[in-house]
Amino acid sequence: MKRHGNLFQRVASYDNLYCAYELARKGKRWQRDVKAFETDVEGHLLRLQEALLTHAFHTSAYRTKKIYEPKERTIYILPFYPDRIVQHALMNIVEPIWDGLMLADSYACRKGKGLHAGSRRTMGMVRRNAYCLKCDISKFYPSIDHDVMMRIIERKIKDKDVLWLFSDILGSVPGGKNVPIGNYTSQWMGNLYLNQLDTYVKQVLGVRDYIRYCDDFLLFHDDKKQLGEWAEAVQHFCAERLKLRLSKCDVFPTSHGVDFLGYRHFRGGYLLLRKSTAQRMKRRAKSIPYDLRHGRTTKERALSSVVSMKGWLRWANTRHLALALHMDELETFVRGWEEAGA
């Protein structure tokens, strides 16, 4: 396997740092730290470049917050400058290398993949198989082992300065485990970590119908016993090679419907929203007018939520739900908010 070197000069180049700044500020230009940075973009980027080249850069302290949907998780938040810019700069260069390693069955955080493409692929597997093995990794990101992660990174990258930067980001959380949810690099580290599992499932076990999105994955077959054997093999591989534990490993008939990526997939080609997704959508649609009237959200963010919800609904058999949520009326209300709130 080819190992890549001579990457760090590209990571730390001014043009790449400027591109990273533009990516990091998307949708966040209203934030105070972004506005402060933009008072002297060139000066800040030149100082950041110097800090990287001299290894004076170190990942900042995190601010944390809890979220409770769809389940309780701790989100780690780094400053816009220098950290979020650095992570985008790093992945601008490394992402194409890592993406080239990924199998076609991995659908998270990749161009041309995503939720809806994954849902279409899942539906094809549901329609041609009698049984499904559904697995979920327990506390995936907090359980990622730093030593295992660095060994995986080192198999493809030999640039010592890039490895220093990855080591600094990993070491910013003590304890030898945890790739913080909230870091831009974390989604890609998680994908690379579980690419080991993808490769094992496809190339060693020889599974034809397999799909993974983040830490949720499905295996399909017409033989229920075969899926049971694969379940044991997958659990052993995750424990021994990746130091991970599965919280879910269930085999069931596809005729019952396969709940994956926010949708419920049925063999007849029928697609419904997951019940919890529909409930969250109802709460969000109800709260948007209140949040706008009381300054708890902006028109831009409210409109983004409405468009996102309509996108979810468009992909499934949800005509009655869309009517119940009054989505067209809600979009009209949000688009006209400046006039109504003036």
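This is a short walk through the cores, cysteines and charged pairs of one structure, and it is a predicted model.

Okay, let's start with the inside. The largest nonpolar core has 73 residues, and the ones touching the most other members are Trp 98, Phe 166 and Leu 197. Helix H5, residues 80-99, gives this core its largest share, ten residues. If you want a place to centre your view, try Phe 166. Leaving out anything up to four places away in sequence, Phe 166 touches Leu 90, Met 91, Val 94 and Trp 98, plus Met 150, Ile 153, Ile 157 and Met 189. There's another core lying apart from that one, with 22 residues, and among them are Tyr 263, Leu 325, Leu 330 and Trp 337.

Back to H5 for a second. How many of the 20 residues of H5 are buried? The count is 16, so the helix is largely enclosed by the rest of the structure. And H5 has a bend of about 40° at Ile 93, with a proline, Pro 96, following within four residues.

Now, cysteines. Searching the whole structure for disulfides turns up zero. I checked two that might catch your eye. Take Cys 249: how far is its sulfur from the closest cysteine sulfur? That closest one is in Cys 135, at 3.5 Å, and the cut-off for a disulfide is 2.5 Å, so this pair is too far apart for a bond. Cys 249 is partly exposed, by the way, at 24% relative accessible area. The other is Cys 214, whose closest cysteine sulfur belongs to Cys 109, 5.2 Å off, and that's also too far for a bond. Cys 214 comes out as partly exposed too, at 22%.

On to charges. The whole structure has 18 salt bridges, and I'll show you three.

Here's one: Asp 105 with Lys 202, where the closest N and O atoms are 3.8 Å apart. Asp 105 sits in the loop between H5 and helix H6, and Lys 202 is in helix H10, residues 184-204, so this pair ties together parts that are 97 residues apart in sequence. The acid is buried, with Asp 105 at 5% relative accessibility, while Lys 202 is partly exposed at 22%.

Next, Asp 209 and Arg 128, with the closest N and O atoms 3.0 Å apart. This one links distant parts of the chain as well: Asp 209 is in strand E4, residues 209-213, and Arg 128 is in helix H6, with their positions 81 residues apart. Asp 209 is buried, at 3% relative accessible area, whereas Arg 128 is partly exposed at 40%.

And then Lys 310 with Glu 331, where N and O come to 2.7 Å. Lys 310 belongs to helix H13, residues 299-314, and Glu 331 to helix H15, residues 327-335, so the bridge ties together parts 21 residues apart in sequence. Lys 310 is partly exposed, at 25%, and Glu 331 is buried, at 15%. This pair isn't on its own, either: salt bridges with shared partners join Lys 310, Asp 328, Glu 331 and Arg 335 into one network.

So what about an acid without a partner? Look at Asp 168, in helix H9, residues 160-170. Asp 168 is buried but has no salt bridge. Where's the nearest side chain of opposite charge? That's Arg 84, and it is 15 Å away. What Asp 168 does contact, leaving aside neighbours within four places in sequence, is Phe 57, His 58 and Thr 59.

Last stop, Asp 250, which is in strand E6, residues 246-253. Is Asp 250 buried or partly exposed? Partly exposed, with a relative accessible area of 40%. Setting aside its neighbours within four places in sequence, Asp 250 is in contact with Cys 132, Leu 133 and Lys 134. And its C-alpha is 9.4 Å from that of Asp 136, a residue 114 places away along the chain. Remember that Cys 249 has its closest cysteine sulfur in Cys 135, so have a look at those two stretches together when you're in the viewer.

That's my tour; over to you.

Notes:
Residues are numbered from 1 along each chain as its sequence is written. This is a predicted model: local features need pLDDT of at least 70, side-chain atom pairs count only at pLDDT 80 or more; totals for chains, interfaces and linings use all residues. Side-chain values use heavy atoms; hydrogens and water are left out. A nonpolar core is a set of buried Ala, Val, Leu, Ile, Met, Phe, Trp, Tyr and Cys residues joined through side-chain atoms within 4.5 Å. Buried means under 20% relative accessible area, exposed over 50%, partly exposed in between (1.4 Å probe, protein chains only). Helices (H or I, at least four residues) and strands (E, at least two) are DSSP runs, numbered from the N terminus. Contact means heavy atoms within 4.5 Å. The bend at a residue is the angle between axes fitted to the seven residues ending there and the seven starting there. A salt bridge is a side-chain nitrogen of Lys or Arg within 4 Å of a carboxyl oxygen of Asp or Glu. Lys and Arg count as positive and Asp and Glu as negative; His and the chain ends are not counted.
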